[in-house]
Amino acid sequence: MEPHYRPRRPGSTDPFPLSIAEAAALANDVELEMAGDHQLYAAALIAAHSPYAQPEIRGRDWHTYVTLLGEIGIDPWAGGPAWNREVRDRLRPFRHAVAASHAIAAE
């Protein structure tokens, strides 16, 4: 993929709030339990607004999913249009660290 490639949000022409490298680094930190509070909140915000990240409504995981989002103050039904800006703002230092690590690796 080209370095300037920006993924799009499913069902929208709006750009996804993170680059592929940033999203991979965020997923890695969450999976390895190294993510901080801002990273966990941003990951939950992305999941709440991504139709492919949500469990089946009324499925066995739905109640847990909605309850956990509610515990951190995210309403999956709100559909706030500024969520992608909030993700980018909350992860600004993280995004800079990812960019710096790629710049060092490219040298």
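This briefing covers the fold, the nonpolar core and the residue Asp29. The model is predicted, so local features need pLDDT of at least 70 and side-chain atom pairs count only at pLDDT 80 or more, while totals for chains, interfaces and linings use all residues. Residues are numbered from 1 along each chain as its sequence is written, and side-chain values use heavy atoms, without hydrogens and water.

**Fold**
- The chain has 5 helices and 0 strands (DSSP runs of H or I, at least four residues, and of E, at least two, numbered from the N terminus).
- Of the 107 residues, 30% are buried (under 20% relative accessible area, 1.4 Å probe, protein chains only).
- Of the contacts (heavy atoms within 4.5 Å) between residues at least 6 apart in sequence, 54% join residues at least 24 apart.

**Nonpolar core**
- The largest nonpolar core (buried Ala, Val, Leu, Ile, Met, Phe, Trp, Tyr and Cys joined through side-chain atoms within 4.5 Å) has 18 residues, and Leu18, Ile46, Ile74, Val87 and Leu91 have the most contacts inside it.
- At least two residues of this core come from each of α2 (37-48), α3 (62-71), α4 (83-90) and α5 (92-106), and α2 gives the most, with 6 residues.
- Beyond four places in sequence, Leu91 touches Leu18, Leu26, His38, Gln39 and Ala42.

**Asp29**
- Asp29 lies in helix α1 (residues 20-31).
- Asp29 is buried without a salt bridge, and the nearest side chain of opposite charge, Arg95, is 13 Å away. A salt bridge puts a side-chain nitrogen of Lys or Arg within 4 Å of a carboxyl oxygen of Asp or Glu; Lys and Arg count as positive, Asp and Glu as negative, and His and the chain ends are not counted.
- The side chains of Asp29 and Gln39 share a polar contact of 2.8 Å (N or O atoms within 3.5 Å, one able to donate a hydrogen and the other to accept it; residues adjacent in sequence count only if both atoms are side-chain atoms).
- Apart from neighbours within four places in sequence, Asp29 is in contact with Met34, Ala35, Gln39 and Phe94.

How values were computed. Buried < 20%, exposed > 50% of the residue type's maximum accessible area, 1.4 Å probe, protein only.
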